[in-house]
Amino acid sequence: MALQAPEFTIGIEEEYLLVDRDSLALAEAPEALMEACQNELQEQVSPEFLNCQIEIGTKVCANVSEARDDLKRLRSTVAKEAGRFNLAPIAASCHPFSDWRNQKHTKKERYETLSADLAAVAQRMLICGMHVHVGIEEQDRRIDLMNQMRYFLPHLLALSCSSPFWQGQDTGLACYRLTIFDNLPRTGLPPRMESFGEFERAVQSLVDLGVIEDSSKIWWDLRPSSHYPTIESRICDVQPRLEHTLSLAAMTQALTRMLWRLAIKNQRWRIYDTFLIGENRWRAQRYGIREGLIDFGQGEVIPFEVLVEEMIALVEEDTAAFGSTREMDGIREILKIGTSSQRQCNIFESAKTNGKDHQEALQDVVSHLIEEYHADL
C-alpha cells in the first residue's frame with residue numbers, strides 16, 4: 001500500500017508598512033482604516049505590533065495559482081482602503097528613512113504584553129516579514145523535513161532581501177531586518193530535533209516555568225506552526241512585488257515536497273551543523289544574491305545563479321505536480337533584475353547622481369516601493 005502524500009497546502013502571511021503619500025514617511029493606521037479592511041477581509045487582516053503596520057494572511061490554498069488570486073485580493077483591498085486616507089502600503093522589510101523612535105505600538109493586550117516582556121528590544125521592531133506555511137499532517141514528519149529544510153533557508157533569504165536601509169542610512173546589508181529580529185529571544189535557525197515530542201517537551205518546559213504562554217512565542221526562521229498542521233518558513237523579507245512573493249512561496253512548497261520524496265525512499269538531504277548553515281545565513285543577509293553561498297559538499301562558494309538553476313532542477317518534478325513551473329521564471333527574474341534591496345539601492349544612487357539630496361533620494365526609494373506594490377495588482 002503506497003504511503004499517502006501530505007497535502008502540501010500553502011498559506012502566505014505578509015506584513016506591510018503604511019506611508020503618507022505626501023511626505024512618504026510612515027503613518028499610523030487610523031482605526032477607520034482597520035475597520036474598513038476587516039469589514040471586507042474579516043479575519044484575513046489584522047493590526048501588527050506597530051500602528052504603522054498591517055498584516056494579511058491568505059486562506060489555505062492547494063497551490064500558488066489559488067494563492068495568487070487571494071493575495072491579489074488582499075493586497076488590492078489594503079491599497080484601496082489606505083488610499084481613502086491618503087496612505088499607501090509598501091511591502092519592504094524596513095522603511096528607508098522613518099525613525100523607530102517615532103512609532104507607537106498597537107493598543108492590544110498581546111502587544112502590550114510583548115512590549116513589557118521585551119523592553120527596549122521591542123521598541124526597535126520596525127520590520128516586516130513574509131511567512132509561508134506548508135501543510136504536513138504527520139507531526140514527526142514536520143520535524144524531519146524541518147531538519148533538512150534548514151539547509152535551504154539562506155537560499156530563500158538571499159532571494160528575498162528587501163531591507164538595505166535603516167533610519168535613513170544604507171547599511172551595506174541586503175537584509176537589515178534580521179539584525180533587528182535576531183535581538184529577540186528564541187529566534188534564528190531552529191535546532192535539530194529528533195521528534196515532534198521533543199519539540200513539545202522543550203516548549204512545555206518554558207510554558208511550565210511561565211516564561212512563554214505557548215509555542216507562538218518561538219520565533220525561529222522555520223518552526224512547526226502553533227495553530228496549524230504546517231511547517232512555517234519565516235526567513236524571508238517581505239516582497240514589494242506580488243509575483244516575487246508567489247515565486248518564493250512556490251519554491252518553499254516545492255522544496256518541502258522534494259525532501260518528502262527523498263524521505264519516503266529512505267534518503268535525505270545531508271543535515272549540516274547549525275554553525276555551518278549560519279555562515280550561509282550571514283552571507284545571504286550581508287550580500288543577498290551577489291556573492292554566492294557555500295556548498296559544503298563541494299567545499300566552495302558557488303555563484304548564486306548556479307545555485308538557483310540547481311534548485312530549480314531539484315524541484316522540477318514538484319513544481320510540475322503543483323502547476324508552479326512558471327513561478328520558477330520569477331526566481332530567475334530576481335536574478336536578472338536584482339533583489340528588492342539591489343533595486344532600492346540603484347534607485348537611491350541614480351537619484352543622487354541626478355542631483356537630488358540624501359533625503360530626496362530616499363523619498364524616491366519609497367515612491368519606487370509604492371509603484372512596485374501596485375505593479376502586479
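Contact here means heavy atoms within 4.5 Å. The legends below describe a predicted model.

**Figure 1. Surroundings of His 244 in the predicted model**. His 244 lies in helix α9, which covers residues 242–263. With a relative accessible area of 1%, the His 244 residue is classed as buried, because burial requires a value under 20%. Beyond the neighbours within four places in sequence, His 244 makes contact with Gln 239, Gly 330, Glu 333, Ile 334, Ile 337 and Arg 343. Tyr 228 is 16 residues from His 244 along the chain, and the C-alpha atoms of these two residues are 24 Å apart.

**Figure 2. Cys 37 and the cysteine sulfur nearest to it**. A disulfide is counted where two cysteine sulfur atoms are within 2.5 Å, and under this rule the count is zero. Cys 37 accordingly takes part in no disulfide; the nearest cysteine sulfur belongs to Cys 128 and is 15 Å away. Cys 37 has a relative accessibility of 0% and therefore counts as buried.

**Figure 3. Cys 52 and Cys 128**. The cysteine sulfur closest to that of Cys 52 is in Cys 128, at 7.4 Å. This separation is too far for a bond, because a disulfide requires sulfur atoms within 2.5 Å. Cys 52 counts as buried, since its relative accessibility is 1%.

**Figure 4. The chain as the setting for the close-up views**. The chain contains 15 helices and 13 strands. Along the principal axes, its C-alpha atoms fill a box of roughly 60 × 45 × 35 Å. The radius of gyration is 20 Å, in agreement with the value near 21 Å that a compact globule of 377 residues would have. Of contacts between residues at least 6 apart in sequence, 78% join residues that are at least 24 apart.

**Figure 5. Burial, exposed area and charge in the chain**. Buried residues account for 59% of the 377 residues. The area exposed by the chain is about 15700 Å², of which carbon and sulfur atoms supply 47%. The chain carries 40 positive and 58 negative charges, and the mean positions of these two sets are 1 Å apart.

How values were computed:
Residues numbered from 1 in each chain as written. Predicted model: local features only at pLDDT ≥ 70, side-chain atom pairs only at ≥ 80, totals over all residues. Heavy atoms only, no water. Helix = DSSP H or I, 4+ residues; strand = E, 2+ residues; numbered from the N terminus. Rg over C-alpha atoms; globule rule 2.2 N^0.38 Å. Buried < 20%, exposed > 50% of the residue type's maximum accessible area, 1.4 Å probe, protein only. Areas by Shrake-Rupley, 256 points an atom, 1.4 Å probe, with all protein chains shown as cover. Lys, Arg positive; Asp, Glu negative; His and termini not counted. Charge placed at Lys NZ, Arg CZ, Asp CG, Glu CD.
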